[in-house]
Amino acid sequence: MNEYFYELIRVSIGNQNSLSHQPSQKEWDDLYKIAQKQSLVGICFVGIQKLRQTTNVDTLLQQTYMQWLAFVARIQQRNELLDCKCKIIQEYLINENIKFCILKGQGVARYYNGKLINLRQPGDIDLWFDGDFESILSYLCKKGKIEDINEIHAHWPFFDNVDVEVHFTPSFLSNRIANRRLQKWFHSQKEQQFSNVNEIGIHVPTDDFNQVFLLLHIYRHLFGEGIGLRQIMDLYFAYKQKTDSIENLLISLGLQKFDKALNWVMWHIFENEDPLSKKFSSLNTNEDAGRFVLAEMEQMGNFGKYDERYKLNRKTPHFYRFIQMVVFKMRFAKFFPLEVAWQPIDIIRRFVNYRFMKHKITKIRKCNVITYKRG
């Protein structure tokens, strides 16, 4: 069913005209479940609308169609809400003289075309703030409660109905040598990214930055809780603007093999019908690594929510959880051995950092006297 699902995706984005065969009612139900698993219900619905106009899809029962339609309506409403909230929090931060940009989410949606823009399933609002860790943390503590903090971001409950995450840095790499290069690059990009505004007035990163950041986001989550095909689609549309300007950076960060793997994944899913005329067939790809990465994504679903192989028991002693995490990550060793080698060190480092950050928050909150009004 996965290959059939990819056909529906290609129809939805305009890279294929029809499905290879008429789905049965059970197959439509299975396609809907996969679309839910991969957070692509809205995108795939565009394909269904196209098929209803050009081919006979009588096997899609009215009940199933209405179920799909209701889900799509909620996606559209959520996008409208996120667009509104982005403008509210942007205006608030400008008035606060905070330099920032909006990562992923509504900023990435601008790469989608036509009807697809409002049918991308949104998540939360991710903000990258200017400043070092302590200054950003101090600001957030003074402005309200902080939740779910880690070395990359903290959850800032600015709205009641939309999650907001404030990033101290856009991303990181487990490889500490490569991570130094990455953080240096992020620092060099700040001025350009915080001053970049898109056509509707939203502060978003440049195309080159997004291509690197989205690749890093997928890479980090693949080795963490998991990643799904919605994030691959984000990267696919961002890569349509791709030039050679980021190639040397990816090589210096040790990401060239992963980039080749994703090139194959994007070609296989989005452009496989006509391999000679599409963009990614001409790129340098790694099919073996790509097939492995794709199999992981099919299993994990959106952010690993559907992966039953790896469930940590928070009541288990830390040492046993550490062993479980290390052993589970060993499956990546064949294709990404260096990343696997750094994982045990990175797990320990993040464990220590988390406690350090909690201590910092406790100290800062002693002088927490400023509140804010929710948006």
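In which helix is the place of Asn-353? In this model, which is a predicted one, Asn-353 sits in helix α14, the helix that runs over residues 337–365. With a relative accessibility of 25%, Asn-353 counts as partly exposed, because the buried class ends at 20% and the exposed class begins over 50%. If you look for Glu-151 in the structure, you will find that 202 residues separate it from Asn-353 along the sequence, while their C-alpha atoms are 7.1 Å apart in space.

Let me step back to the whole chain for a moment. The protein chain has 375 residues, of which 53% count as buried, and its secondary structure consists of 14 helices and four strands. When we take the contacts in the chain with a separation of 6 or more, 72% of them are between residues that are 24 or more positions apart.

Lys-190 gives us another pair of this kind, so to speak, and I would like you to find it in helix α7, residues 176–195. Lys-190 and Asp-130 are 60 residues apart in sequence, and from C-alpha to C-alpha they are 7.4 Å apart in space. Once residues up to four places away in sequence are set aside, Lys-190 touches Trp-128, Asp-130 and Gly-131. Is Lys-190 buried or exposed? Its relative accessibility is 16%, and because the limit for the buried class is 20%, Lys-190 counts as buried.

Trp-128 also turns up around His-167, which is in contact with Leu-103, Asp-126, Leu-127, Trp-128, Phe-129, Ile-136, Ile-152 and His-153, leaving aside its neighbours within four places in sequence. His-167 itself belongs to strand β4, residues 164–167, and with 2% relative accessibility it is counted as buried. A polar atom of the His-167 side chain lies 3.3 Å from the backbone oxygen of Thr-169.

Now to the helices, and to how they pack. Two packed helices are described by the angle between their axes and by the distance between those axes. For helix α2, residues 25–37, and helix α3, residues 41–54, the axes come within 8 Å and cross at roughly 145°. On the α2 side the residues that meet α3 are Trp-28, Tyr-32, Ala-35 and Gln-36, and on the α3 side they are Val-41, Cys-44, Ile-48 and Leu-51. Sorted by class, this contact has seven nonpolar residues, one polar residue and no charged residues.

Helix α11, which covers residues 256–270, has 15 residues, and the distance from its first C-alpha to its last is 21 Å, close to the 21 Å expected at 1.5 Å a residue. Why can we call α11 largely enclosed by the rest of the structure? We can do so because twelve of its 15 residues are buried. Those buried residues include Phe-258, Asp-259, Trp-264, Trp-267 and His-268. The helices that the buried residues of α11 pack against are α1 (2–13), α8 (207–222), α9 (229–239), α10 (247–252) and α12 (287–300).

One of these partners, α8, can be described in a similar way. Helix α8 has 16 residues and reaches 22 Å from its first C-alpha to its last, close to the 22 Å expected at 1.5 Å a residue. Since 13 of the 16 residues of α8 are buried, α8 too is largely enclosed by the rest of the structure.

Let us turn to two loop residues and their backbone angles. Asn-97, in the loop between α4 (62–95) and β1 (100–103), has a positive phi of about 60° although it is not a glycine. Lys-104, in the loop between β1 and α5 (105–108), is also a residue other than glycine with a positive phi, here near 55°. Asn-97 counts as exposed, at 69% relative accessibility, whereas Lys-104 is buried, with a relative accessible area of 15%.

I will finish with the cysteines. A disulfide is a covalent bond between the sulfur atoms of two cysteines. How many disulfides does the structure hold? The structure holds zero. For Cys-86, which is in no disulfide, the nearest cysteine sulfur is that of Cys-84, and it is 9.3 Å away. Cys-86 is buried, with a relative accessible area of 3%, and Cys-141 is buried as well, with a value of 0%.

Definitions and conventions: Residues numbered from 1 in each chain as written. Predicted model: local features only at pLDDT ≥ 70, side-chain atom pairs only at ≥ 80, totals over all residues. Heavy atoms only, no water. Axes fitted to C-alpha atoms, helices over the stretch in contact; angles between N-to-C directions. Contact = heavy atoms within 4.5 Å. Nonpolar A, V, L, I, M, F, W, Y, C, P; charged D, E, K, R; others polar. Expected span 1.5 Å × (residues − 1). Buried < 20%, exposed > 50% of the residue type's maximum accessible area, 1.4 Å probe, protein only. Disulfide = S-S within 2.5 Å. Polar contact = N/O pair within 3.5 Å; in protein donor to acceptor, adjacent residues only side chain to side chain.
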